[in-house]
Amino acid sequence: MKQIVIGMTAHADSGKTTLSEALLYLSGEIRKQGRVDHGDAFLDTHSIERSRGITVFSKQAVIHGDDAVFTLLDTPGHTDFSAEAERALSVVDYAVLVISGTDGVQSHTETLWRLLGKYNKPVFIFVNKMDISQFDRDYILSDLRKHLSDKIADFSVSDDDRNGELALLSESLMNEYLETDALTDESIARDIAERGIFPCWFGSALKLKGARELMTGLEKFTLMPEYGADFGARVYKITSEGGARLTHMKITGGVLRVKDAVGEGKVNQIRIYSGAKFSAVNEAPAGTLCAVTGLADTFAGQGLGAESEADDPVIEPVLTYRVLFPADIDPHDMLDKMRLLEEEDPQLHVVWNEQLGEIHLRLMGKIQLEILRTLIAERFGIDADFDHGSIAYKETISAPAVGIGHYEPLRHYAEVHLLLEPLEQGSGLVFASDCSEDVLGQNWQRLVISLLKATTLTGVLTNSPLTDMKMTLVAGRAHIKHTEGGDFRQATYRALRMGLRSTQSVLLEPFYSFRLEVPSDCAGRAMTDIQRMCGEFSAPEIMGENAVITGTVPVSEAADYHTDVAGYTKGKGRFICELKGYFPCHNSEKVIADIGYDPDSDLEQPADSIFCAHGAGHLVKWNEVKSHAHAQSGVYLAEAADDEIQLSVRETQLVRSRFEDDKELMEIFERTYGKIKRDPIAALHRDYEKAPKYKPSPVPTGPAYLLVDGYNIIFSWDELKKLAEDNLDLARSRLISIMSNYRGFRPCEVIIVFDAYRVKGDHREVEQTGGISVVYTKEAETADMYIEKTSHELAKNSRVRVATSDGAEQIIILGNGAYRVTASELHDEVAAVEKAIREMIAERPMAQRNIGSIKVKE
């Protein structure tokens, strides 16, 4: 008999728990169908859930079918408890996604759909509340295919109609259908398991309509996964019950038996839960979802036996709160209690501030905050409170750096060299070692990497967690007699802090992607509000009497905006948002000033090093450590001899040939404005042959500049134009990233100019990101106007190039003494830079390697 774990998931209030109750009732597992609003649902076992009518904790129930045993894992639907839902989804075999027939696909529905895709889970869809829906089946099915997948098939129809539709959605099923004029259940089940198709049923869980058909579909169209013979298990949750610590896991291989040794512990009891009750069993075969007592050091996401550890969660909290507790409670005792809660919900990220004696934690929203307050009172008898929530910022770096940490008080010795490199948004932290064992032993190398992984690493701007960085151990040194593990702990963290102090850090803040639905006559107010909140949005889409606006906005600006929407739309509007990710902070200077973090005063995380001289240790400031270091990093940042743009002979010839082709443009300009006094080639070189037709003026000695007409380039490059059709913000970010890499290789100042799209008023915005400047022109000022004015001013003392394919603008550029670069030429330059980087890496894999603008020598 096959064992299948089914994850029940949905947006809040879609009827997910009600559907679970219906399946349990129809299968005979319960005698009465409970209701969430009545507080008697079988799976809402906690008093908090019964009183609030929402699912907070994931819980399981067992259903015995004719030839299968299903374990339903009911997950929270509210966005504040998304982390709990994600942990549960990591261990399910199939998911049932419940859609409200009255609301259709909502923002959190799409988030769940992406999560299911990330974990590669087959999905069954149930459209609930069809008895009260104002939409018909065809409309809803079209909406599902538009927002989720065009592979969604209606399984509520007859088998013949269903098979004909499936043949159109799947190539493998089409071949079978053409050969036999029918489809087998096994073929359909295989396609579902491979996420080739997504079956969909319609009904009303409360009235038991469609639920039996869904249950039949689960029995017919699910396949039990193949499991290995060796024991393996994935931990997805830790709870406490009656003083016993429970490790909830799915067995992914072999068999787990009572008294088996797992890690450092021994299994005392294996429990199979169904609702609030459980049955104790002696063994759990592969495919079983169970809770185990006797394991003290397990954690959510851990892989046991042959199972690997889970990937880092996608969903993470964005708000930080300080815990307030009565004066008679010892802070360390309170910290221990919060650590217990962190075990059960790792995303709380409990942080202890030793200097201030404060406990900080991270949450998703106000509902989770209220639940946590109640949970602390019920469990520990403490009336805790929380101060006003602040945004959970993060930090990264914009340019590579080498950090050196040295720790050598008397009879201690360790030195660590770390290469820090920025990564793309969303990459998280990556750790690596590229150090010869002849330089530093393998055991010490592993210790350094373990130390970096073992704690939350923070930045030097606001002491916020680091992200989107790669940290590579490139060199180090130990003493054969005096080195201890604690010495490398000191050296490692000092190296990291020194590297962060040596480069430019970037403050990141969380952004929401939002969907704002308002009456059409309120659209103007809505767009003004989004601009005020420093958000970005697409043109409103008119749907009936409403306008729908989608875009992104900083969490800090939009946290309570839903109440404003309800007010000015008289309850007719909806502001639905979900976390999109972390991006450069829109007001970083103000945030950094308000937080007031001083890295020099942080004695717990020093950037300075300790060296030994004359038998005693002495402090060396971080910016002087490099000259005192005992080992060689083998890494140096390539710096140009001057600020001039270096061109190859081939590029020089191309420039002169290109300039000859500009004669027609020059003649047009001279007929209109008169002759110019400078040869535009001077904008590129100090050492150049004089052009025969023009007498050049002295070559400017200021820095070289490259001005880029942002939107002109985006819509001229095919790859960016394709991105812009779906997401203009993504295309902008991609261009900025490309030019940042270019800037790292070519020593010139890069300025990308975008027409005003979010700046209201008579000021413009300038952002520094990735070593380049990004300008958003002020209202009613075009990019052309800004570039013309800026190139005219810069060309007086600097060498200027302007990248654009706008013919009229090119004429003005030539008159300003700047050199024009077409979009295709800039594309070729960027491609040449990327190729050069790849070639240098390939040619010198050991002796010399290049990382962007970094050269590394052994």
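**Exercise 1. Locate arginine 195 and state what is notable about its backbone.**

Solution. Step 1: arginine 195 is placed in the loop between helix H8 (185-193) and strand E7 (198-202). Helices (H or I, at least four residues) and strands (E, at least two) are DSSP runs, numbered from the N terminus. Step 2: the phi of arginine 195 is positive, about 60 degrees, although the residue is not a glycine.

The model is predicted: local features need pLDDT of at least 70, side-chain atom pairs count only at pLDDT 80 or more, and totals for chains, interfaces and linings use all residues. Residues are numbered from 1 along each chain as its sequence is written, and side-chain values use heavy atoms, with hydrogens and water left out.

**Exercise 2. Describe the position and accessibility of leucine 208, another residue with positive phi.**

Solution. Step 1: leucine 208, which is not a glycine, has a phi near 60 degrees. Step 2: its place is in the loop between E7 and helix H9 (211-220). Step 3: leucine 208 counts as partly exposed because its relative accessibility is 28%. Here buried means under 20% relative accessible area, exposed over 50%, and partly exposed in between (1.4 Å probe, protein chains only).

**Exercise 3. Determine the surroundings of valine 123.**

Solution. Step 1: valine 123 lies in strand E5 (residues 123-128). Step 2: with 0% relative accessibility, valine 123 counts as buried. Step 3: leaving aside neighbours within four places in sequence, valine 123 is in contact (heavy atoms within 4.5 Å) with Ala95, Leu97, Trp113, Leu116, Arg195, Phe198 and Pro199. Step 4: valine 123 and isoleucine 192 are 69 residues apart in sequence, and their C-alpha atoms are 7.6 Å apart in space.

**Exercise 4. Identify the largest nonpolar core and its main contributors.**

Solution. Step 1: a nonpolar core is a set of buried Ala, Val, Leu, Ile, Met, Phe, Trp, Tyr and Cys residues joined through side-chain atoms within 4.5 Å. Step 2: the largest such core has 43 residues, and those with the most contacts inside it are Met334, Met338, Leu361, Ile376 and Leu516. Step 3: strand E28 (residues 505-519) gives the most to this core, with five residues. Step 4: apart from this core lies another, of 36 residues, among them Val96, Leu173, Ile188 and Leu214. Step 5: not counting residues up to four places away in sequence, methionine 338 touches Val323, Val350, Ile359, Leu361 and Ile376.

**Exercise 5. Examine three salt bridges and state which parts of the chain each one links.**

Solution. Step 1: a salt bridge is a side-chain nitrogen of Lys or Arg within 4 Å of a carboxyl oxygen of Asp or Glu; by this rule the count comes to 24.

Step 2: aspartate 93 pairs with lysine 250, the closest N and O atoms being 2.3 Å apart. This pair links distant parts of the chain, 157 residues apart: aspartate 93 is in the loop between helix H3 (82-89) and strand E4 (94-100), and lysine 250 is in strand E9 (residues 244-253). Both aspartate 93 and lysine 250 are buried.

Step 3: glutamate 342 forms a salt bridge with arginine 339, with closest N and O atoms 3.1 Å apart. Because they are three residues apart in helix H10 (residues 331-344), glutamate 342 and arginine 339 are separated by about one helical turn. Glutamate 342 counts as buried at 18% relative accessibility, whereas arginine 339 counts as partly exposed at 33%.

Step 4: arginine 732 forms a salt bridge with glutamate 536, the closest N and O atoms being 2.6 Å apart. Arginine 732 lies in helix H23 (residues 728-745) and glutamate 536 in strand E29 (residues 536-537), so the pair ties together parts that are 196 residues apart in sequence. Both arginine 732 and glutamate 536 are buried. Step 5: a network of salt bridges links Glu536, Lys580, Asp729 and Arg732.

**Exercise 6. Establish how many disulfides the structure contains, and assess cysteine 585.**

Solution. Step 1: a disulfide is a covalent bond between the sulfur atoms of two cysteines. The criterion applied is a pair of cysteine sulfur atoms within 2.5 Å. Step 2: a search of the whole structure finds zero disulfides. Step 3: cysteine 585 is in no disulfide, and the nearest cysteine sulfur, that of cysteine 534, is 9.5 Å away. Step 4: cysteine 585 counts as buried at 10% relative accessibility, and cysteine 748 counts as buried at 2%.
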